[in-house]
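Please read this briefing alongside the sequence and the coordinates. The topics are the second helix, the chain as a whole, and the salt bridges.

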Amino acid sequence: MKQDERRQVIKQQREQLIRDLESLYLAAFDRLGELEGSVGEMKVAQLTQMILNSRSAALEPLLKEIEKPLITTPGGGQM
């Protein structure tokens with residue numbers, strides 16, 4: 001497999017992981033709405049903040065890696 005192909009496969013895997021994580025966090029936020037009546041607004045707000053922090057920590061490195069500029073090296077040509 002060529003280097004460009006490997007890079008593309010890795011990028012696709014990162015993008016899939018991002019989609020999977022987004023789906024997981026969306027489901028968690030949906031469940032929070034159901035908790036408010038039983039645990040109170042303040043506890044739900046605290047849990048929401050923890051989930052938001054967790055989401056940022058999980059997604060930031062993946063997004064940063066995808067957005068990183070590609071640094072290439074010159075070919076092995078002779079001078």
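**Helix α2 and its surroundings**

In this predicted model, the residues Val-44, Ile-51, Leu-59 and Leu-62 of helix α2 are buried, and what covers the buried residues of α2 includes helix α1, which spans residues 3–39. The points below take up the geometry of α2, then the chain overall, and then the charged pairs.

**Geometry of α2**

- Helix α2 covers residues 41–67, 27 residues in total, and reaches 37 Å from its first C-alpha to its last, which is close to the 39 Å expected at 1.5 Å a residue.
- A kink of about 30° is found at Leu-59 in α2, shortly before the proline Pro-61, and Leu-59 is also one of the buried residues of this helix.

**The chain as a whole**

- The chain contains two helices and zero strands, and of its 79 residues, 11% are buried.
- Of the contacts between residues at least 6 apart in sequence, 62% join residues that are at least 24 apart.
- The chain exposes about 6700 Å², of which carbon and sulfur atoms supply 56%.

**Salt bridges within a helix**

- The count of salt bridges comes to five, and among them is the pair Lys-11 and Glu-15, whose side chains meet at 4.0 Å, N to O.
- Lys-11 and Glu-15 both belong to helix α1, where they lie four residues apart, or about one turn of the helix; Lys-11 is partly exposed, with a relative accessible area of 33%, and Glu-15 is likewise partly exposed, at 28% relative accessibility.
- In helix α2, the side chains of Lys-64 and Glu-60 meet in a salt bridge at 3.7 Å, N to O, and because these residues are four apart in the helix, about one helical turn separates them.
- Lys-64 is exposed, with a relative accessible area of 51%, whereas Glu-60 counts as partly exposed at 46% relative accessibility; the two fall into separate classes because exposed means over 50% relative accessible area.

**A salt bridge between the helices**

- Arg-14 forms a salt bridge with Glu-65, and the closest N and O atoms of this pair are 3.8 Å apart.
- This pair links distant parts of the chain, with Arg-14 in helix α1 and Glu-65 in helix α2, 51 residues apart.
- Arg-14 is partly exposed, with a relative accessible area of 23%, and Glu-65 is also partly exposed, with a relative accessible area of 32%; neither counts as buried, because that class requires under 20%.

Technical notes:
Residues are numbered from 1 along each chain as its sequence is written. This is a predicted model: local features need pLDDT of at least 70, side-chain atom pairs count only at pLDDT 80 or more; totals for chains, interfaces and linings use all residues. Side-chain values use heavy atoms; hydrogens and water are left out. The expected span of a helix is 1.5 Å times one less than its number of residues. The bend at a residue is the angle between axes fitted to the seven residues ending there and the seven starting there. Buried means under 20% relative accessible area, exposed over 50%, partly exposed in between (1.4 Å probe, protein chains only). Contact means heavy atoms within 4.5 Å. Accessible areas come from the Shrake-Rupley method with a 1.4 Å probe; for residues, only the protein chains shown count as cover.
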